[in-house]
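Grab a pen and have the viewer open. Below are a few short exercises, each with a worked solution.

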Amino acid sequence: MPGISTAGLSGIEESSFITLHARVVDARADDPILNDPYAEKVAQALDYDWQRLQPTPKLEEKERLNVTIRAVHFDRWVRQFIARHPDAIVLDLGCGLDSRGYRIDPPPGVDWYDVDLPGMMSLRAKIYKETSGIHALATSLNEEGWLEALPADRPVVVVMDGLYPLMTKPTFIRLLSRITAHFERGEILLLGFSKLSSRMMRMVVPAVKTLGVSVNEGFDNPRDVERWNPDLRLVEQQRLITSPEVAKMPRGEQIRCRIMAVIPGLARMDKGLLRYAFGRS
């Protein structure tokens, strides 16, 4: 039986297959970090040429570790926010084919919105079914109206896992401004992306060139985001190299992380995961 067609996706939309592939590799590992129960099924349902991502064993392992460690922490932060705010709104921006909402399974009272470009959301609708608490929003984040249509008086947690690198800085800053202007209070969960990471991504991830996506220059100081939007305050930073999940890495990667953690210049390369709050969250 033929798989679900992935033809017609833009390069930005197709880039979500990079993280899906990483979750599949993790699910097959002897000691998985995330162990996403949906990843394998989703990948097998697709008619897609995975060789377009030009995977190699070394690159697959690095992407697996990066993608799954940050997923574990973002999932944890979302669960904690929902526990504090049982009437929360969750926005998973640039959700791609991630199963985050289904992994977390939000309780009644929480409204979860998976948000991505129309082509991706059309594909996603053939794989994931909407529930009473998980809703699909097909839109460009630049479009007016979709954000403003959501209830403003409920606490919101916004997941931006890998979103920033694929946006221009002015567009990203404007999105932050719209979020903090519309909602009274909440948190924004952001994957840090340094200038060195930007250069390395363009050099060592061949899919970036294959898919024709542009990667922005990154930022080196998490406080930059506070300067871009004074309503935001950094409340937590979790570096990947000091994450508890490092213990599940291959021994060579564990040693690399320990070395990076004790050398300030190397440690600063890892901006990690950033949690910002605004309003009275």
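The exercises use this predicted model and look at one strand, its partners and two loop residues.

**Exercise 1.** Work out whether strand β4 (residues 111–116) is enclosed or open to the outside.

*Solution.* Start with a general point: side chains in a regular strand alternate between the two faces of the sheet. Now take one side of β4, where D111, Y113 and V115 are buried. Flip to the other side, and W112, D114 and D116 are buried too. That makes six of the six residues buried, so β4 is largely enclosed by the rest of the structure.

**Exercise 2.** Find the strands that pair with β4, and trace how the chain gets from β4 to β5.

*Solution.* First partner: strand β3 (residues 89–93) pairs with β4 in the parallel sense, over five bridges. Here L91 sits opposite Y113. Next, strand β5 (residues 134–138) also runs parallel to β4, joined by five bridges. On this side V115 faces L137. To reach β5 from β4, the chain goes through helix α6 (residues 118–125), and this β-α-β crossover is right-handed.

**Exercise 3.** Check phi for N35 and D105, then sort each by exposure.

*Solution.* Take N35: its phi is near 55°, a positive value in a residue that isn't glycine. N35 lies in the loop between α2 (16–28) and α3 (39–45). Its relative accessibility is 43%, so call N35 partly exposed. Now D105, also not a glycine: phi is positive, near 55°. D105 belongs to the loop between α5 (100–104) and β4. At 57% relative accessibility it passes the cut-off of over 50%, so D105 counts as exposed.

Note on methods:
Residues are numbered from 1 along each chain as its sequence is written. This is a predicted model: local features need pLDDT of at least 70, side-chain atom pairs count only at pLDDT 80 or more; totals for chains, interfaces and linings use all residues. Side-chain values use heavy atoms; hydrogens and water are left out. Buried means under 20% relative accessible area, exposed over 50%, partly exposed in between (1.4 Å probe, protein chains only). Helices (H or I, at least four residues) and strands (E, at least two) are DSSP runs, numbered from the N terminus. Two strands pair if DSSP finds at least two bridges between them. A crossover is right-handed if, with the strands pointing away from the viewer, the path from the first strand over the helix to the second runs clockwise.
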